Amino acid sequence: MNDWLDVGSLSDIPQRGARTVTRPGAPDIAVFRTADDRIFALVDRCPHKAGPLSQGIVHGHSVSCPLHNWNIALASGEAQGVDKGCTPTIAVKVESGRILLAIPAELAAAA
Ligand code: FES
């Protein structure tokens with residue numbers, strides 16, 4: 001497993017908002033903050049047709065994809081309702097107001 005990567009301050013993300021973590025040679029990661037100040041991280045790619053989930057609308061602990069409105073659970077990355085598919089999740093924690101990600105090896109940037 002990897003070290004925790006500091007990707008910024010919790011206060012940089014508005015409630016019901018998201019930020020994107022970009023790394024050369026690796027998939028973008030969307031970091032979401034919910035209205036109740038939970039933080040979640042997903043690969044920024046909808047399981048339907050790769051829509052940018054970071055640009056979707058956060059409601060509860062889900063995000064609606066901006067392209068075709070699938071609802072994706074932030075905790076599991078699973079499409080909800082009748083839709084099927086899953087986007088990878090990334091472990092995240094907040095310490096002293098900083099957001100830390102544990103990016104799995106398969107999502108790490110190419111060396
Ligand atoms: S690409 Fe996300 S719902 Fe179609």
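1. Read along the sequence, this predicted model follows the pattern β-β-β-β-β-β-β-β-β, and the chain accordingly counts nine strands and zero helices. The radius of gyration is 13 Å, close to the 13 Å that the globule rule gives for 111 residues, so the chain is as compact as a globular protein of that length.

2. On overall dimensions, the C-alpha trace of the chain spans about 35 × 30 × 20 Å along its principal axes. Of the 111 residues in the chain, 31% are buried. When one takes the contacts between residues at least 6 apart in sequence, 44% of them join residues that are at least 24 apart.

3. A good place to begin looking at the strands is the pair β3 and β4. Strand β3 covers residues 26-33 and strand β4 covers residues 39-43, and the two run antiparallel, joined by five bridges. Within this pairing, Arg33 stands opposite Ile39 in β4. The two strands form a hairpin with five residues between them, and in the turn Asp37 has a positive phi of about 65 degrees.

4. Which strand, besides its hairpin partner, is joined to β4 by two bridges? It is strand β8, made of residues 89-95, and β4 and β8 run antiparallel. Here Leu42 stands opposite Thr89 in β8, so a reader can use these two residues to find the pairing in the structure.

5. When following any of these strands by eye, it helps to keep one general point in mind: in a regular strand the side chains alternate between the two faces of the sheet.

Methods: Residues are numbered from 1 along each chain as its sequence is written. This is a predicted model: local features need pLDDT of at least 70, side-chain atom pairs count only at pLDDT 80 or more; totals for chains, interfaces and linings use all residues. Helices (H or I, at least four residues) and strands (E, at least two) are DSSP runs, numbered from the N terminus. The radius of gyration is taken over C-alpha atoms; the globule rule is 2.2 Å times the number of residues to the power 0.38. A residue is buried if 20 or more other C-beta atoms lie within 10 Å of its own, exposed if 12 or fewer, and partly exposed in between; C-beta atoms are placed from the backbone. Two residues are in contact if their C-beta atoms, placed from the backbone, lie within 7 Å. Two strands pair if DSSP finds at least two bridges between them.
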